[in-house]
Amino acid sequence: KPDVSNRLLYAGLVGGILLNLALPLDTLLVLPLEVRLAVATALVFCPLFFAGLVFTRSFSGASDAAVSFGSNLLGAIVGGCLEYMSVVSGFHFLWVVALGLYLLSLAVLLRATPRPA
């Protein structure tokens with residue numbers, strides 16, 4: 001169920017994606033190599049970190065682990081196919097697609113949660 005921690009995880013995920021949209025990697029080229037590598041790594045992997053936490057939390061609360069794991073596997077396949085869009089649209093647009101998909105997953109999670117009476 002979406003409690004404060006789920007909301008915080010999604011906030012970190014969405015914030016990380018928005019940060020990547022606002023700060024393209026080519027703006028880091030003015031930095032020294034070591035700093036550029038550290039900042040680029042933190043920037044790109046921030047959303048991946050939060051996405052992993054969202055999955056772990058969702059998976060641990062699932063009633064049917066096989067269906068949850070299968071859904072995650074299907075999502076990984078679809079995500080991999082969508083990643084090929086970056087060849088046509090550029091890597092930056094991939095963040096827009098990811099943002100849309102994660103907002104959709106949050107909406108489904110919020111809709112599936114029973115509201116208190």
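F91 is partly exposed, with 45% of relative accessible area. In this predicted model, F91 sits in helix α5, which covers residues 91-112, and W95 sits there too, 4 residues further along, or about one turn of the helix. Unlike F91, W95 is tucked away: its relative accessibility is 10%, so it counts as buried. The rings of F91 and W95 pair up edge-to-face, with 5.9 Å from centre to centre and 80 degrees between the planes. Why is that edge-to-face? Because the angle of 80 degrees is over the 60 degrees that the label asks for.

A search of the whole structure turns up 3 aromatic pairs. One of them joins F55 and F59, and this pair is stacked, at 5.4 Å centre to centre with 25 degrees between the planes. The spacing along the chain is again easy to follow: F55 and F59 belong to helix α2 (residues 33-60) and lie 4 residues apart, about one turn of the helix. As for exposure, F55 has a relative accessible area of 29% and is partly exposed. F59, at 31%, counts as partly exposed as well.

What about the inside of the model? The largest nonpolar core has 12 residues: L9, Y10, L13, V14, I17, L21, F50, A51, V54, W95, A98 and L99. Helices α1 (4-22), α2 and α5 each put in at least two of these residues. The most generous giver is α1, with 6 residues. W95 thus turns up in two places in this account, as a member of this core and as the partner of F91 in the edge-to-face pair.

Zooming out, how many helices and strands does the chain have? There are 5 helices and 0 strands, and reading along the sequence gives the pattern α-α-α-α-α. The C-alpha atoms fill a box of roughly 55 × 30 × 20 Å, taken along the principal axes. The chain has 117 residues, and 21% of them count as buried.

Loops can hold buried residues too, and L28 is a case in point. This leucine is found in the loop between α1 and α2. Is L28 buried or exposed? With a relative accessible area of 6%, L28 is buried, because the cut-off for that label is under 20%. Measuring sticks aside, L28 and V96 are 68 residues apart in sequence, and their C-alpha atoms are 20 Å apart in space.

The surface has something to show as well. Y84, V87 and V88 form a nonpolar patch there, and together they have about 420 Å² of accessible area. V88 lies in helix α4, which runs over residues 85-89. At 77% relative accessibility, V88 counts as exposed, since anything over 50% gets that label.

Finally, the cysteines. How many disulfides are there? The count comes to 0. C46 has a relative accessibility of 25% and counts as partly exposed, whereas C81, at 52%, counts as exposed.

Definitions and conventions. Residues are numbered from 1 along each chain as its sequence is written. This is a predicted model: local features need pLDDT of at least 70, side-chain atom pairs count only at pLDDT 80 or more; totals for chains, interfaces and linings use all residues. Side-chain values use heavy atoms; hydrogens and water are left out. Rings of Phe, Tyr and Trp (its six-membered ring) pair if their centres lie within 6.5 Å; planes under 30 degrees apart count as stacked, over 60 as edge-to-face and the rest as tilted. Helices (H or I, at least four residues) and strands (E, at least two) are DSSP runs, numbered from the N terminus. Buried means under 20% relative accessible area, exposed over 50%, partly exposed in between (1.4 Å probe, protein chains only). Patches are made of residues with over 30% relative accessible area and no salt bridge: like charges are joined within 9 Å, nonpolar side chains (Val, Leu, Ile, Met, Phe, Trp, Tyr) within 5 Å. Accessible areas come from the Shrake-Rupley method with a 1.4 Å probe; for residues, only the protein chains shown count as cover. A salt bridge is a side-chain nitrogen of Lys or Arg within 4 Å of a carboxyl oxygen of Asp or Glu. A disulfide is a pair of cysteine sulfur atoms within 2.5 Å. A nonpolar core is a set of buried Ala, Val, Leu, Ile, Met, Phe, Trp, Tyr and Cys residues joined through side-chain atoms within 4.5 Å.
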